[in-house]
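Dear colleague,

I am handing over the structure we spoke about, and below it you will find notes on what turned up when I went through it. Please keep it open as you read.

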Amino acid sequence: KKKVVSIDPEVMGGTPCFTGTRVPVQTLLDYIEGGDPIDEFLEDFPTVTRQQVIGFLEAAKEHLLAAGA
């Protein structure tokens, strides 16, 4: 299974980004928090795929459920 998020000191100073891009995952969270649709995020950041966004959200959900949140 390919990693959806990568942390590399050489890319954006180690900020967690979508793998293969320079787009921080925080940017997606900012869009969601602002009420913007995922489609708008994908339009604004074409290097990120829908599969990456869904994979990130699924992983975040699994993490929260595993933590008992």
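Pro24 makes contact with Met12, Thr15, Pro16, Cys17 and Phe18, leaving aside residues up to four places away in sequence. Please bear in mind that this is a predicted model, and that everything here should be read in that light. Pro24 sits in the loop between E2 and H1, and because its relative accessible area of 17% falls under the 20% cut-off, Pro24 counts as buried. One of its partners, Met12, is twelve residues away from Pro24 in sequence, while the C-alpha atoms of the two are 8.1 Å apart in space.

The next point concerns two helices. Helix H1, residues 25-33, packs with helix H3, residues 50-67, at an angle of about 80°, and their axes are 12 Å apart. Angles of 65 to 115 degrees count as roughly perpendicular, and H1 and H3 are therefore roughly perpendicular to each other. On the H1 side the contact is made by Val25, Leu28, Leu29 and Ile32, and on the H3 side by Val53, Phe56 and Leu57. By type, the residues of this contact between H1 and H3 comprise seven nonpolar, no polar and no charged.

H3 itself deserves a closer reading. With 18 residues at 1.5 Å a residue, H3 should span 26 Å, and its end C-alpha atoms do lie 26 Å apart, so the expected and computed values agree. The buried residues of H3 are Gln52, Val53 and Phe56, and because they fall within an arc of 105° when seen down the helix axis, they line one face of H3. Those buried residues pack against strand E1 (5-6), strand E2 (17-18), H1 and helix H2 (38-44). On the face of H3 turned away from the buried side are the exposed residues Gln51, Leu65 and Ala66. Just after H3 comes Gly68, which takes a positive phi of about 75°.

Finally, what does Gln52 touch, not counting residues up to four places away in sequence? Gln52, which lies in helix H3, touches Val4, Phe18, Thr19 and Thr47. Its relative accessibility is 12%, which is under 20%, and so Gln52 counts as buried. Phe18 thus appears among the contacts of Gln52 and also among those of Pro24.

With best wishes

Notes
Residues are numbered from 1 along each chain as its sequence is written. This is a predicted model: local features need pLDDT of at least 70, side-chain atom pairs count only at pLDDT 80 or more; totals for chains, interfaces and linings use all residues. Side-chain values use heavy atoms; hydrogens and water are left out. Axes are lines fitted to C-alpha atoms, for helices over the stretch in contact, and angles run from 0 to 180 degrees between N-to-C directions. Helices (H or I, at least four residues) and strands (E, at least two) are DSSP runs, numbered from the N terminus. Angles under 35 degrees count as roughly parallel, over 145 as roughly antiparallel, 65 to 115 as roughly perpendicular and the rest as oblique. Contact means heavy atoms within 4.5 Å. Ala, Val, Leu, Ile, Met, Phe, Trp, Tyr, Cys and Pro count as nonpolar, Asp, Glu, Lys and Arg as charged, and the others, Gly among them, as polar. Buried means under 20% relative accessible area, exposed over 50%, partly exposed in between (1.4 Å probe, protein chains only). The expected span of a helix is 1.5 Å times one less than its number of residues. The arc is that of the directions from the helix axis to the C-beta atoms.
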